[in-house]
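Work through the exercises below with the model open. Try each task before reading its solution.

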Amino acid sequence: MIAPGADRIPLKTIESRDGAVAILKDCAALADGGWSVFAEIDGGHVRYGLFRSESLPISVSSAETLADPDTNTGVGILIRNCARNCIELVTGQGRRMELAFSSSRPTTNSTATAFQELSKQATKSASELEETTAVTYLERLLTRICHYCHGTMIIVLPGIDVPEQFRDGVVLDPPVDLFAAFLELRREKTASALSRLASRETLLRGMVQSDGITILSDSGKLLAFRVFVKPDEDERGKLDTMRMRGGARSRAHELVKLRLGNPVSCVFFRSQDGHTTCTVKQ
């Protein structure tokens, strides 16, 4: 039910009191590249091993199935690393909890919520795509990309025109249409379509992992990257009165938040220690 058609490799059945340590020792290094660990508790024993569900961008992942409150997957829990030193627990009823093992200050919303909000804003004007499909795809992609970056900032603009205040960087002309490639794959389901989408996802990963700000449109297009911002006199005065933690990226984050609505739709921020927030124009 959670992962139909999955590759499944059972490993061992042991007494449940020894389960956690054994599973980590045997499986942790293999839980990569789409592979996940399963553990089935049956009385005083636990069966565990590895499985890999479909990994196409248009597929529904096992994690999404488990977290869907409309899907009755029984008694189960997903445990995953959602950020550096941060573990997310998701129940079969879609309830979530995060455990942070760092000095990062807690946020009101979860890391998953921040990625979902960013994805909603970046798909708001995407044509030909159901909203839930577009959001789910982009949320999955951005979560995977940001998991391996050492901090980043992403902003969403309405339309595809990059204003002068955000042109101190690399502006893509014409923009790279990520969703056009996604639609092509959904429509044609060919190897060439999959390759084109993968190549654009790789571009986005490189942009997010670069210094500076990455800019997306609200229709799923890549507009600019390595963008740096400077405050005007009024903004500098406001920033000087703020008590903020962090360095240049944190200061840039607070500066862009001052520009929400003029013309920024939302600003997503992830610090090097995994602190993640997404602020949306009210």
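Three exercises follow, on cores, cysteines and a pocket.

This is a predicted model, where local features need pLDDT of at least 70, side-chain atom pairs count only at pLDDT 80 or more, and totals for chains, interfaces and linings use all residues. Residues are numbered from 1 along each chain as its sequence is written, and side-chain values use heavy atoms, without hydrogens and water.

**Exercise 1.** Find the residues that touch the most other members of the largest nonpolar core.

Step 1. Set the term: buried (under 20% relative accessible area, 1.4 Å probe, protein chains only) Ala, Val, Leu, Ile, Met, Phe, Trp, Tyr and Cys residues are joined through side-chain atoms within 4.5 Å.
Step 2. Among the 34 residues of this core, pick Leu-118, Leu-178, Leu-204, Leu-222 and Phe-268.
Step 3. Locate the largest share: helix α4 (residues 131-147) gives seven residues.
Step 4. Set it apart from a second, separate core of 18 residues, which includes Met-153, Phe-166, Val-227 and Leu-255.

**Exercise 2.** Explain why Cys-266 and Cys-278 are not bonded.

Step 1. A disulfide needs two cysteine sulfur atoms within 2.5 Å.
Step 2. The Cys-266 sulfur has its closest cysteine sulfur in Cys-278, 4.0 Å away, so the gap is too far for a bond.
Step 3. Check the total: the structure holds zero disulfides.
Step 4. Add burial: Cys-266 has 0% relative accessibility, so Cys-266 counts as buried.

**Exercise 3.** Which class dominates, by number of residues, the lining of the second largest pocket?

Step 1. Count by class: ten nonpolar (Ala, Val, Leu, Ile, Met, Phe, Trp, Tyr, Cys and Pro), one polar and four charged residues.
Step 2. Nonpolar residues, ten of them, are the answer.

Conventions. Buried means under 20% relative accessible area, exposed over 50%, partly exposed in between (1.4 Å probe, protein chains only). Helices (H or I, at least four residues) and strands (E, at least two) are DSSP runs, numbered from the N terminus.
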